[in-house]
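Dear colleague,

Please find below the structure that I am handing over to you. My notes on what was found in it follow directly after.

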Amino acid sequence: MSDRDVNNDIRNNQNTDAEFQDLNEILKVRRMKLSELQKNGKDPFKIVKYDVTHSTKYIVDNFESMEGTVVSIAGRLMSKRGMGKASFCDVRDRDGKIQIYVKMDEVGAESYEEFKKFDIGDIVGVKGEVFRTHKGEISVKVQEITLLSKSLQPLPEKWHGLKDVDLRYRQRYVDLIVNPDVRKTFIIRSKIIKAVRKFLDDRGFLEVETPLLNTIPGGAAAKPFITHHNTLDIDMYLRIAPELYLKRLIVGGLEKVYEMGRMFRNEGMSVKHNPEFTLMEVYEAYTDYKGMMELTEQLISTVAQEVLGTTKITYQGQEIDLTPPWKRMTMVEAVEKYAGVNFNNITSDEEARQIAEEKKVHIEGNLTKGEVLNLMFEEFAEEHLVQPTFIMDYPVEVSPLTKRKPDMPSFTERFELFITSREMANAYSELNDPIDQKERFLAQVAKREAGDEEANMMDDDFITALEYGMPPTGGLGVGIDRLVMLLTDSYSIRDVLLFPTMKPKD
C-alpha cells in the first residue's frame with residue numbers, strides 16, 4: 001500500500017491532524033531504518049529461510065518437558081517492554097504467542113543495539129532457552145535474534161484499533177494480525193471443512209470436481225454471472241450449483257458422491273449472502289429425502305462434537321441444541337401454526353392470493369396456490385425456527401428438480417433445514433423421471449421468457465442423462481459458510497470469509 005493510500009485510510013477514519021502527522025513521521029522513520037539496514041548489508045528482505053523448531057503453543061503446552069531446551073521460534077513482534085540493558089517482548093506466530101527476554105549480556109552489545117531499533121510489527125527469528133520468569137510467565141531467554149522482515153506500517157491498534165468494520169474486511173491481513181479471535185474463527189473454519197470431508201469419506205462417499213464454467217447455469221434458481229470464452233466465442237456462466245453434473249455421475253454409477261466448492265450468484269449482499277460462497281452438495285443412490293434428513297442430522301452434530309467438543313452451542317446469545325433427532329414439520333403445518341391459515345382447506349389459486357392479501361403479504365402476478373404457500377411460510381414461519389427444524393414437503397412450483405409425493409402430487413419430497421431462523425440445508429428425493437423433468441424445465445423456460453432471470457434454463461443433455469436411467473436418489477446441499485457462522489457464533493457471512501466481496505474504493 002502506498003503512503004497516499006495509508007493517508008486516505010487515516011482521513012476516512014477521522015483521525016486528528018496530530019495523529020495524521022505522527023503517522024507520516026512513523027512511516028518515514030521506518031523507511032529510514034530499512035535504508036540504514038540495507039546500507040549496512042543487513043537487508044532483512046534478502047533473508048530467504050529461517051529454521052523453526054517449535055511453535056509458541058507447543059512450548060507453552062509442554063513447558064515441563066521443554067524447560068531448559070534451546071528452541072528456534074519465529075513470528076511477529078507484538079510488544080516491547082524495557083529498553084535499558086534488558087527487554088521483554090511478545091512474539092506471536094500462527095498458534096499463539098510467547099514472551100521473549102532479550103538481555104545485552106546474552107546477545108552482545110552490537111546485536112542488542114540493533115534489536116532496540118526493531119519496531120512493533122517486525123517479523124523476527126529467535127533462538128534461545130525456554131524458562132519461566134520470577135513472575136511465573138513461560139518465556140524464551142534469547143541467545144540470538146534476527147530481523148526477518150521489516151514492517152513499514154504501524155499496527156492499527158496504536159492508532160484507531162481497526163474499529164472500522166469495512167477496513168477489517170478490506171485489509172484482512174491486518175485484521176488477522178491484531179485480532180486473535182478472527183484468526184481463531186478461520187482456524188475453526190478449516191477444522192469444520194476437514195471434519196465434514198472426514199464424515200462423508202468415512203461413509204463411502206467419493207469427493208469429485210465438476211466445472212465452474214457452465215454453458216447452462218442449472219441446479220438452482222439464481223441469477224448467474226456471465227463471462228465470455230474467446231476461443232469458442234460463446235457466453236458462459238459461473239456455476240450457481242453443481243447439482244446437474246453430480247446427478248449425471250449418479251447416472252454413471254458412482255452412487256455416492258459429493259462436492260464442496262465455490263458457487264457464484266449475481267444477487268444481493270447481506271449478512272447472510274455473498275456473491276461468491278462455499279456450498280457442498282451430496283448425492284446418494286437408493287435413498288430419499290428422509291435418508292438425507294438422517295444424514296444431515298448426523299453430519300452437523302458430528303462435526304460440532306468433533307470441532308467444538310459439544311452439540312450444545314450458543315449463537316448470538318441463543319442456546320442451540322444440535323443433538324439429534326431434530327424437529328420435523330411440513331410447510332403446510334408451519335404456515336398453519338404461525339400464520340393461522342390451513343392451506344389444505346384452500347381450493348384455488350385465487351383464494352390463496354386473496355388470503356395472502358388479507359394477511360398483507362405482497363403478491364406480484366398470478367401466483368399459484370403453491371407459490372403463495374411458500375411466500376406465507378417465508379413471511380410468517382421462518383423467524384420462529386430457532387432450534388434445528390426440518391421443513392418438509394414443498395410445493396412443486398418452487399421445486400423444479402424434486403420428485404413429487406406419490407399421495408400428494410402437488411407437493412414434493414423436499415426439505416429445508418432451519419437453525420437460528422436461517423436456511424442451513426436443502427434436500428430432495430431427486431426427480432429421475434425424464435418426461436416430468438422436461439415438462440418442469442419447460443415451465444421454468446416460460447418463467448424466464450416472462451422476465452424471471454432466476455428461472456432454470458432447458459438442459460437437454462441432462463434430460464438425455466435421465467433417459468439412460470437414474471436410480472432413486474437423495475440429494476443434499478449445505479451452505480458451508482452458514483454452518484461456519486453457526487459454529488463460530490459469527491453474525492455476518494463476511495466474518496467467516498477471508499476475503500468477502502467488497503465494492504472498490506473510489
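Are Phe 441 and Phe 462 buried or exposed? Both of these residues are buried. Before the details, please note that this is a predicted model.

Overall layout

The protein has 506 residues, of which 48% count as buried. Its secondary structure consists of 17 helices and 20 strands. Along the principal axes, the C-alpha atoms fill a box of roughly 90 × 50 × 50 Å. As one example of separation within the chain, the C-alpha atoms of Asp 166 and Leu 206 are 39 Å apart, with these positions 40 residues apart along the chain. Asp 166 belongs to helix H7, which covers residues 165–170. With a relative accessible area of 32%, Asp 166 is partly exposed.

Aromatic pairs

Nine aromatic pairs are present in the structure. One of them is formed by Phe 88 and Tyr 101, whose rings are stacked, with 4.8 Å from centre to centre and 25 degrees between the planes. Phe 88 is part of strand E2 (residues 86–92) and Tyr 101 is part of strand E3 (residues 97–103), so this pair ties together parts that are 13 residues apart in sequence. The two partners fall into separate accessibility classes: Phe 88 counts as partly exposed because its relative accessibility is 29%, and Tyr 101 counts as buried because its value is 17%.

The rings of Phe 441 and Phe 462, with which I began, also pair. Their centres are 6.4 Å apart and their planes stand at 70 degrees, so the pair is edge-to-face; the angle for that class is over 60 degrees. This pair links distant parts of the chain, with Phe 441 in helix H15 (residues 434–449) and Phe 462 in helix H16 (residues 460–468), 21 residues apart.

Ring pairs also join Phe 88, Tyr 101 and Phe 131 into a cluster.

Salt bridges

The count of salt bridges comes to 30. Three of them are described here, beginning with the one between Lys 33 and Asp 119, where the closest N and O atoms are 2.7 Å apart. These partners come from distant parts of the chain, 86 residues apart: Lys 33 is in helix H2 (residues 17–39), and Asp 119 is in the loop between helix H6 (109–116) and strand E4 (123–132). Lys 33 has 22% relative accessibility and therefore counts as partly exposed. Asp 119, at 12%, counts as buried.

Another salt bridge brings together the side chains of Glu 371 and Lys 447, at 3.0 Å from N to O. Glu 371 lies in helix H14 (residues 369–380) and Lys 447 in helix H15, so that this pair, too, links distant parts of the chain, 76 residues apart. Glu 371 is buried, with a relative accessibility of 14%, while Lys 447 is partly exposed at 29%.

Helix H15 also holds Asp 436, and Arg 404 is located in strand E16 (residues 404–405); this pair links distant parts of the chain, 32 residues apart. The side chains of Arg 404 and Asp 436 meet in a salt bridge of 3.3 Å, N to O. Arg 404 counts as partly exposed at 31% relative accessibility. Asp 436 counts as buried at 11%, since the cut-off for that class is under 20%.

Some salt bridges share partners, and in this way Arg 30, Lys 33, Asp 119, Asp 122 and Lys 150 are joined into one network.

Charge on the surface

Which residues gather in a patch of negative charge on the surface? They are Glu 64, Glu 67, Asp 105, Glu 106 and Glu 129. Among them, Glu 67 lies in the loop between helix H4 (63–66) and strand E1 (70–81). Its relative accessibility is 49%, and Glu 67 therefore counts as partly exposed, given that exposed residues have over 50%.

Where to look

When you open the structure, helix H15 may serve as a starting place: Phe 441 lies in this helix, as do Lys 447 and Asp 436. From there you may turn to Phe 88, Tyr 101 and Phe 131, the cluster linked by ring pairs, and then to the network that includes Lys 33 and Asp 119.

With kind regards

Terms used:
Residues are numbered from 1 along each chain as its sequence is written. This is a predicted model: local features need pLDDT of at least 70, side-chain atom pairs count only at pLDDT 80 or more; totals for chains, interfaces and linings use all residues. Side-chain values use heavy atoms; hydrogens and water are left out. Patches are made of residues with over 30% relative accessible area and no salt bridge: like charges are joined within 9 Å, nonpolar side chains (Val, Leu, Ile, Met, Phe, Trp, Tyr) within 5 Å. Accessible areas come from the Shrake-Rupley method with a 1.4 Å probe; for residues, only the protein chains shown count as cover. A salt bridge is a side-chain nitrogen of Lys or Arg within 4 Å of a carboxyl oxygen of Asp or Glu. Lys and Arg count as positive and Asp and Glu as negative; His and the chain ends are not counted. The place of a charge is taken as NZ of Lys, CZ of Arg, CG of Asp or CD of Glu. Helices (H or I, at least four residues) and strands (E, at least two) are DSSP runs, numbered from the N terminus. Buried means under 20% relative accessible area, exposed over 50%, partly exposed in between (1.4 Å probe, protein chains only). Rings of Phe, Tyr and Trp (its six-membered ring) pair if their centres lie within 6.5 Å; planes under 30 degrees apart count as stacked, over 60 as edge-to-face and the rest as tilted.
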